[in-house]
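Here is a walk through some side-chain contacts and one helix, written for the bench. Have the model open while you read.

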Amino acid sequence: RLHLMVSVSVTGSGLKVRYWVDRWLGILRSEGRSSGPAFCNMSGTVLESGDIDGEFHNQLRKVQEARPDLLDPEVDVEEKFRIFRSLRRRGSNSRRAVDMKVPES
């Protein structure tokens, strides 16, 4: 199964898509991988979204601790976020749905 994902280099909100894809490809190359799935375990088996959720939750808890202005510490990240579901939501909708705050500029 092959997937082609077309994207802009930088999104309208400033997310540097190409930069992060290039960094990920560099990691894969440093591990000696030039083909196969981008998200897999050490044996090359594709990771399921549930396999990734634990680390996703760890990172969200770090955000809660470091930047409570972005993600309210009272939010139960295991309950509110899943890697597959959370990253598909539109920004403002997900902020409302999980009590996230937009910092003042």
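First, a term that comes up throughout: buried means under 20% relative accessible area, exposed means over 50%, and partly exposed is in between (1.4 Å probe, protein chains only). This is a predicted model, so local features need pLDDT of at least 70 and side-chain atom pairs count only at pLDDT 80 or more, while totals for chains, interfaces and linings use all residues. Residues are numbered from 1 along each chain as its sequence is written, and side-chain values use heavy atoms, with hydrogens and water left out.

**Salt bridges**

Let's begin with charge. Side chains of opposite charge can pair when their charged atoms come close. Here a salt bridge is a side-chain nitrogen of Lys or Arg within 4 Å of a carboxyl oxygen of Asp or Glu, and by that rule the count comes to three. They are listed here:

| Acidic residue | Basic residue | N to O distance |
|---|---|---|
| Glu-31 | Arg-33 | 3.6 Å |
| Glu-78 | Arg-61 | 2.1 Å |
| Asp-69 | Arg-67 | 2.7 Å |

What does the bridge between Arg-61 and Glu-78 tie together? Arg-61 lies in helix 2 and Glu-78 in helix 3, so the pair joins parts that are 17 residues apart in sequence. (Helices are DSSP runs of H or I with at least four residues, strands are runs of E with at least two, and both are numbered from the N terminus.) Arg-61 is partly exposed at 32% relative accessible area, and Glu-78 is partly exposed too, at 33%.

As for the other bridges, Glu-31 is partly exposed at 45% and Arg-33 at 22%. Asp-69 comes in at 30%, partly exposed, and Arg-67 at 37%, also partly exposed.

**Aromatic pairs**

Now the rings. Rings of Phe, Tyr and Trp (its six-membered ring) pair if their centres lie within 6.5 Å; planes under 30 degrees apart count as stacked, over 60 as edge-to-face and the rest as tilted. The structure holds three such pairs. One of them is Trp-24 with Phe-39, which is stacked, at 5.1 Å centre to centre and 15 degrees between the planes. Trp-24 sits in helix 1 (residues 17–30) and Phe-39 in the loop between helix 1 and helix 2 (49–66), so this pair ties together parts 15 residues apart in sequence. Both rings belong to partly exposed residues: Trp-24 has 31% relative accessibility and Phe-39 has 48%.

Another pair is Phe-56 with Phe-81: the ring centres are 6.4 Å apart and the planes are at 90 degrees, so it counts as edge-to-face. Phe-56 lies in helix 2 and Phe-81 in the loop between helix 3 (77–80) and helix 4 (83–86), so the pair links parts 25 residues apart in sequence. Are these two residues buried or exposed? Phe-56 is buried, and so is Phe-81.

**A look at helix 2**

Phe-56 has company: the buried residues of helix 2 are Asp-53, Phe-56, His-57, Leu-60 and Gln-64. An α-helix has 3.6 residues a turn, so residues three or four places apart point the same way.

How does the length of helix 2 check out, with its 18 residues? The expected span is 1.5 Å times one less than the number of residues. That gives 26 Å for helix 2, and its end C-alpha atoms are 25 Å apart, which agrees. There is also a kink of about 25 degrees, centred on Glu-55, where the bend at a residue is the angle between axes fitted to the seven residues ending there and the seven starting there.
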